[in-house]
Amino acid sequence: MKTSRFHLATLKETPVDAEIVSHQLMLRAGLIRRLASGIYTWMPLGLRTLRKVEKIVREEMDRAGALEVLMPSIQPAELWQETGRWDQFGPELLRLKDRHQRDFCIGPTHEEVIADIFRREIKSYKQLPITFYQIQTKFRDEIRPRFGIMRAREFIMKDAYSFHVGQESLQQTYDVMYQAYSKIFDRLGLAYRSVTADSGAIGGNSSHEFHVLADSGEDAIAFSNQSQYAANVEMAEAVPGDKTRAKPGAAMKTIDTPGKHTIEEVAKTPGIDIDKCLKTLIAEADDGGLVALVLCGHHELNPLKAEKLEGVASPFKLAERDNINAQLRIDIGSIGPVGLEIKIYVDRSAALVSDFVCGANADGQHYINANWGRDCDEPEVVDIRNVEEGDPSPDGKGRLKILRGIEVGHIFQLGDKYSESMQATVLDENGKEAVTKMGCYGIGITRIVAAAIEQNNDASGIYWPDSLAPFQLVICPINYHKSERVKKAAEDLYQDCLKRGIEVLLDDRPLRPGVMFSDMELIGVSHRIVLSERGLSAKQFEYKGRRDQSASNYELTELPSFLDGLFKRTCKSA
């Protein structure tokens with residue numbers, strides 16, 4: 001491709017509304033253009049990279065035995081009403097009516113549609129297992145779209161769905177998909193981690209997320225420094241550093257703490273050690289009452305873990321101050337487990353603290369030297385906190401480190417959540433109707449492009465993994481329009497590259513070298529060859545890789561073998 005025939009529309013200035021690096025660079029490099037809030041047009045340059053992502057994903061899904069389909073983006077409300085999600089999904093589901101006033105939605109996902117296809121097409125267990133997938137546009141009406149395509153309303157996703165008779169078959173396909181996802185991200189050339197995760201609104205049992213590592217990532221992931229253990233912080237098991245609880249020391253007594261309602265404020269009281277301070281949070285119970293959750297003062301409650309406890313309301317919600325006052329007659333900041341007459345759950349780490357400080361259940365007062373089993377009942381011990389850097393790894397190997405990640409893939413074992421409500425059944429080997437089990441496997445195609453940029457950029461622009469660069473090589477001829485010798489050498493090299501199957505860009509614009517080089521570094525072309533009068537007179541060409549600090553000169557006679565080595569391929573016509 002020649003730049004004179006290609007729409008290359010780079011920007012010098014960073015758009016003021018672009019918040020993160022990927023959004024800034026995608027606009028500056030001309031990969032995307034904004035149409036409306038959270039809705040973007042993919043320009044020719046960006047589409048080249050997007051199609052490369054799709055190609056790798058499609059090849060690995062095909063290799064894993066999945067069958068490609070293309071389902072409608074517009075879905076009838078009746079299907080969503082069968083599963084109950086028409087009312088449950090919330091305002092992110094963009095609803096509309098056709099001319100006959102029938103309800104439809106623009107699909108944010110396709111569990112209902114694929115279950116409907118299955119129940120119409122598949123009748124016997126002999127046709128299972130089977131996996132369908134598609135690469136298609138989705139729409140979720142985000143309340144505040146941000147970060148460009150990272151959290152857009154319209155996006156492209158690969159979603160796959162498998163059907164099985166029995167858990168063993170589901171697990172086998174789940175394992176195949178896990179390996180396929182690992183191959184996809186290996187081929188994309190991205191640094192990533194697969195982590196155990198919560199299934200969220202999609203539902204189901206076993207679940208893994210795939211995260212591209214980047215400082216700008218919205219998700220925190222925990223992994224061991226000595227093993228393969230990795231999990232989303234929301235799901236990582238919190239293991240206490242201590243194994244046993246010290247024996248009680250001094251007798252418990254009450255101290256006045258007027259106006260002190262937080263751990264930090266209480267810890268400023270003379271003689272109080274912040275490591276001995278416990279905090280008691282009050283959550284809503286599923287029967288309308290209250291539940292107490294006790295943690296070490298410096299630890300953070302994990303709502304997902306707490307929500308799974310018996311008696312805790314779902315979705316999880318901390319009780320309002322007025323509700324606490326009405327039921328307990330105590331103000332927030334003075335609550336503690338001693339004498340508290342509601343259900344109490346105590347985090348593992350808090351259960352190992354002796355001689356602790358806690359609220360005395362009277363405004364402006366706290367207990368010091370309180371102890372489990374002496375001053376209050378032995379606790380019901382649970383894991384309800386977020387892990388922290390340095391915690392022991394749950395597998396017993398090493399310590400946890402915390403990194404930021406961008407979720408780009410998620411696989412679920414859905415079980416019969418959708419197949420039962422939609423009667424996606426088959427006749428089993430005994431001729432009886434059996435509800436199938438489902439798996440769900442998603443990859444954010446457009447999000448991968450942004451995540452790759454977040455992980456691979458510098459002051460000059462994007463440096464793509466080789467698998468994603470929109471062009472592999474750019475030929476930059478100096479004075480192309482003034483020197484016939486340079487023009488002929490550039491055209492000959494260009495044609496040779498095309499024959500070799502190299503994705504080459506010939507920059508034939510009448511630009512100064514600095515501007516030309518700057519554009520190519522911004523858009524992330526992997527390799528650059530410069531031809532000039534001076535170089536040709538010396539029988540040399542100049543080469544610079546996108547990540548190289550400086551350029552190097554090579555003999556022109558070495559150019560064919562240089563290209564062979566660079567791209568590890570030979571001329572197609574040979």
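In which sense do β17 and strand β18 pair, and over how many bridges? Keep that in mind while you open the structure, which is a predicted model.

**Stop one: the strand pair.** Select residues 365-370, which form β18, and then β17 at 356-359. The two pair in the antiparallel sense over 3 bridges. For a landmark inside the pair, show C358 and look across to Y367 in β18, which stands opposite C358.

**Stop two: the whole sheet.** Now add β13, residues 253-256. You have an open sheet of 3 strands in the order β13-β18-β17, with antiparallel pairing. β13 and β17 stand at the edges with a single partner strand each, so one side of each has no neighbour in the sheet. Turn the view a little: neighbouring strands here are turned by 30° against each other on average, direction ignored. As a reminder, strands of a sheet pair through backbone hydrogen bonds, either parallel or antiparallel.

**Stop three: an arginine in a loop.** Next, select R385, in the loop between β19 (381-382) and β20 (400-415). Is R385 buried or exposed? R385 has a relative accessible area of 1%, and because buried means under 20%, R385 counts as buried.

Show the side chains around R385 to see its partners. The R385 side chain makes a polar contact with the side chain of D391 at 2.9 Å, and another with the side chain of H299 at 3.4 Å.

To fill in the surroundings, select the residues that R385 touches, among them A238, V239, L295, E300 and L301. N302, K305, D347 and S349 are also touched by R385.

Note on methods:
Residues are numbered from 1 along each chain as its sequence is written. This is a predicted model: local features need pLDDT of at least 70, side-chain atom pairs count only at pLDDT 80 or more; totals for chains, interfaces and linings use all residues. Side-chain values use heavy atoms; hydrogens and water are left out. Helices (H or I, at least four residues) and strands (E, at least two) are DSSP runs, numbered from the N terminus. Buried means under 20% relative accessible area, exposed over 50%, partly exposed in between (1.4 Å probe, protein chains only). A polar contact is a pair of N or O atoms within 3.5 Å; within protein, one must be able to donate a hydrogen and the other to accept it, and residues adjacent in sequence count only if both atoms are side-chain atoms. Contact means heavy atoms within 4.5 Å. Two strands pair if DSSP finds at least two bridges between them. Axes are lines fitted to C-alpha atoms, for helices over the stretch in contact, and angles run from 0 to 180 degrees between N-to-C directions. Lists of a residue's contacts leave out its neighbours within four places in sequence.
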